Amino acid sequence: MAAVAVGKKEVTRDLDHCDIPYYVSEFVEREVGNDYDSLRKLDSLIDKLSENKKQLEEQVLTVSSEVPKRIQNALKNAEDSKKSLGRLLEEEALLSVSVSSHLLKAQPCMEDLHVLISQVEEIERHLAYLKWISRIEELSDSIQQYLMTNNVPEAASTLAFMAELDIKLQESSCSHLLAFVRSTVKFWHKILKDKLSSDFEEVLTQLRWPFVGPPQSQAFGLAAPASAPDVYNNLEMLFCQLLKLQTSDELLTTPKQFPEKYSLPPSPPIILPIQIMLNPLQKRFKYHFTGNKQTNVLNKPEWYLTQVLMWIGNHAKFLDDKIQPILDKAGSSVNAGLEFSRALVMLILEKLAADIPCLLYDDTLFCHLVDEVLLFERELYSVHGYLSSLPSCMHILSEESCFQRWLTVEKKFALQKMDSMLSSEAAWISQYKDITDVDEMKVPDCAETFMTLLLVITDRYKNLPTASRKLQFLGLQKELVDDFRIRLTQVMKEETRASLGFRYCAILNAVNYIATVLADWADNVFFLQLQQAELEVCAESSAVSQLQLGQLASMESSVFDEMINLLERLKHDMLTRQVDHVFKEVKDAAKLYKKERWLSLPSQAEQAVMSLSSTACPMLLTLRDRLLQLEQQLCHSLFKIFWQMLAEKVDIYIYQEIIMANHFNEGGAAQLQFDMARNLFPLFSHYCKRPENYFKHIKEACIILNLNVGSALLLKDVLQSASESDTLKPNQPSATAALNELGVYKLAQKDVEILLNLRASWPNTGK
């Protein structure tokens with residue numbers, strides 16, 4: 001074993017080669033080790049190794065005998081594959097030569113065959129061309145036969161089919177065929193349209209169309225004649241036949257296009273029967289409102305706007321009761337009333353597009369036109385159910401030059417209105433001052449008029465077709481708010497010396513009211529939609545920071561945030577100035593109270609009844625008068641902020657300037673407690689349930705000063721022990737716990753120690 005051990009120490013592993021000595025050494029170490037008794041296992045170990053050696057030799061012999069056979073088989077397979085590949089290559093060469101030879105021989109035949117195929121294809125095209133011509137001629141003959149037999153419905157159906165064929169041929173390059181089909185459609189369309197239009201107009205005449213009077217006066221209203229059923233049957237038949245001509249009419253008629261600058265939404269042509277029904281109304285409109293007629297004047301846009309609304313209203317019942325069922329029966333999705341309104345609105349748009357350039361720079365006429373158009377739009381949408389997706393007057397007003405002029409005029413008249421409302425004698429008086437329930441906000445008339453002005457502007461632009469135009473108007477509203485804030489600030493500065501005066505308080509109420517209303521508007525769906533639009537615009541232009549974009553997207557901010565923040569800052573500054581003014585008066589009135597002889601006042605036992613210190617009366621009277629005055633002049637929310645700010649200042653002032661600056665005997669401490677708890681705190685009890693909570697410094701100082709001597713000594717001992725050592729004695733409460741037990745939470749430990757030292761009467765303890 002020693003030899004083995006020595007061998008182990010001398011043998012090192014060769015990592016680059018198969019190191020047999022190393023593995024032998026490891027094996028002996030593992031199987032035998034330092035245990036001499038394990039040498040008895042050598043026989044069995046040798047037998048086991050011999051067996052393993054025998055098995056390995058057999059495996060080697062088996063492998064060495066099988067490998068040559070596998071190699072021979074692989075070589076044989078490779079030879080066979082090589083021979084097969086050779087044969088295939090020979091066959092490929094022969095086939096290639098054969099194909100080349102065949103192609104050479106077949107080349108003349110292929111050329112002849114190509115010529116024949118081209119001829120066949122050309123003949124087929126000619127045949128197809130002739131078939132199309134034959135088909136169109138057959139349809140044309142059918143229409144002619146139907147008309148000869150007075151079968152107009154079938155003729156109209158056949159023409160509709162021919163028009164559909166025309167649409168299918170639009171991609172063809174056969175220009176002559178297309179021209180032939182189009183001319184045939186045009187020929188029969190004119191004949192059928194003239195015939196049906198004439199018959200349809202005759203039926204309309206029997207119905208006394210158009211209805212120029214109200215529905216009650218219409219001939220076929222309440223008392224229909226006996227022939228009415230036949231007339232309505234003819235109306236339905238002719239209406240349906242005219243509907244069949246719609247496809248061909250759209251092919252042949254070029255719709256009137258407005259210039260792109262108006263950005264009208266795409267809309268289908270007016271259906272043919274409605275066009276015919278509208279003809280007499282269009283003639284009346286053009287007769288009265290174009291040319292040199294007395295009814296066509298720039299300063300009376302309400303004449304043609306009102307006329308169109310009357311026509312829509314007069315015909316609504318007939319269209320709903322008689323025309324809409326015909327459309328529904330024919331499977332059409334058209335709404336008769338909307339189609340009729342849309343056609344008349346297009347007349348208005350043409351008229352506006354022609355008139356606006358003539359009055360664009362006349363503020364009075366232009367403003368009057370805009371007002372009348374907005375009234376027209378409001379009635380059109382609310383009464384007659386017009387859709388915002390259809391062309392409207394707002395598209396004309398949104399044209400760049402007109403829109404910019406509208407913005408300019410809107411701003412001009414708004415500023416004039418602001419001038420007049422601020423210069424009014426009743427500008428700072430609330431119109432609801434005598435109605436307590438309504439006058440909670442104490443809003444001066446100028447502020448309410450201004451917010452009404454903003455609301456009216458919102459109503460005027462909220463139906464604009466695009467978000468970008470609405471955002472421009474929103475920008476105008478922000479400008480007006482900022483301008484009004486600046487004006488309020490200027491008036492406020494004039495009133496700074498009388499910061500408790502009526503006008504100053506009215507300005508403060510106005511600022512608060514505007515900020516409150518803007519905050520309410522920020523949650524309105526309309527302004528939330530504008531906020532989303534503004535977010536998209538800002539994201540595209542990268543005009544704002546990522547933080548601002550995030551705030552807009554998460555709805556943490558609103559479109560009025562900047563204005564609200566400026567108004568809130570102004571409100572805070574004005575409130576602070578008022579609080580400082582009242583506080584200065586309180587300090588002046590408290591001068592005598594500060595000099596009170598707190599060390600020499602009689603104890604409570606020496607007085608029959610405790611009474612208020614005479615020196616405190618001026619201070620408390622000042623407080624009372626100012627609180628009553630401002631409660632009447634400020635709205636509830638502002639007054640609440642005011643008295644809380646004032647209470648905080650008074651609390652700190654009395655604590656620091658009176659309590660901490662004096663020493664108190666037992667009578668002085670009791671008098672202070674009485675003055676504060678029974679006189680100062682009740683002044684604020686009308687505004688909250690527990691006014692002492694707003695004077696925590698005073699309340700807690702009074703508690704400390706009025707402790708009985710024993711409690712004061714114990715507290716002093718606890719505080720002294722706590723300050724001298726961080727570790728507490730067993731069963732001794734902490735300083736904080738001791739103070740809390742007495743009801744002291746606000747004052748710090750050092751302040752309490754100072755207050756205890758302000759007590760003048762301490763017993764002689766021998767310390």
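User: Is Asp483 buried, partly exposed or exposed?
Analyst: Keep in mind that we're looking at a predicted model. Buried would need under 20% relative accessible area, and exposed would need over 50%. Asp483 comes out at 26%, so the label for Asp483 is partly exposed.

User: Which residue does Asp483 meet in a salt bridge, and how many residues apart are they?
Analyst: Side chains of opposite charge can pair when their charged atoms come close. Here the N to O distance is 2.5 Å, and the partner of Asp483 is Arg487. Both sit in helix α15 (residues 467–494), separated by about one helical turn. So the partner is Arg487, and the spacing is four residues.

User: And what about Arg487, buried or exposed?
Analyst: The cut-off for buried is under 20% relative accessible area. Arg487 has 17%, so Arg487 is buried.

User: Which residues are joined into one network by salt bridges that share partners?
Analyst: Salt bridges can link up when they have partners in common, and that's what happens here. The residues in this network are Asp363, Arg405 and Lys412.

User: Why can Glu138 and Arg135 be about one helical turn apart?
Analyst: An α-helix has 3.6 residues a turn, so residues three or four places apart point the same way. Glu138 and Arg135 are both in helix α3, and their side chains meet in a salt bridge at 3.8 Å, N to O. Glu138 is partly exposed at 42%, and Arg135 is partly exposed at 35%. They're about one turn apart because their spacing in the helix is three residues.

User: How many salt bridges does the count come to?
Analyst: Besides the pairs we've met, there's one between Arg690 and Glu692, with the closest N and O atoms 3.5 Å apart. A pair counts if a side-chain nitrogen of Lys or Arg is within 4 Å of a carboxyl oxygen of Asp or Glu. By that rule, the count is 30.

User: How many disulfides does the structure hold?
Analyst: A disulfide is a covalent bond between the sulfur atoms of two cysteines. There are cysteines in different settings: Cys109 is exposed at 52%, whereas Cys446 is buried at 0%. To count, two cysteine sulfur atoms must be within 2.5 Å. The number of disulfides is zero.

User: Where in α8 does the kink lie?
Analyst: Helix α8 covers residues 272–289, and its end C-alpha atoms are 24 Å apart, which agrees with an expected span of 26 Å. Still, there's a kink of about 40 degrees, shortly before the proline Pro280. The kink lies at a residue that is also among the buried ones of α8: Leu278.

User: Which residue does a cis peptide bond join to Trp209?
Analyst: Most residues other than glycine have a negative phi, and most peptide bonds are trans. This bond is cis, with omega at about 0 degrees. The partner sits in the loop between α5 (175–206) and α6 (228–244), and it's Pro210.

User: What is the phi of Asn150, and is Asn150 buried or exposed?
Analyst: Asn150 is found in the loop between α3 and α4 (152–168). At 55% relative accessibility, Asn150 counts as exposed. Asn150 isn't a glycine, yet its phi is positive, at about 60 degrees.

Definitions and conventions: Residues numbered from 1 in each chain as written. Predicted model: local features only at pLDDT ≥ 70, side-chain atom pairs only at ≥ 80, totals over all residues. Heavy atoms only, no water. Buried < 20%, exposed > 50% of the residue type's maximum accessible area, 1.4 Å probe, protein only. Helix = DSSP H or I, 4+ residues; strand = E, 2+ residues; numbered from the N terminus. Expected span 1.5 Å × (residues − 1). Bend = angle between axes of the 7 residues up to and from the residue.
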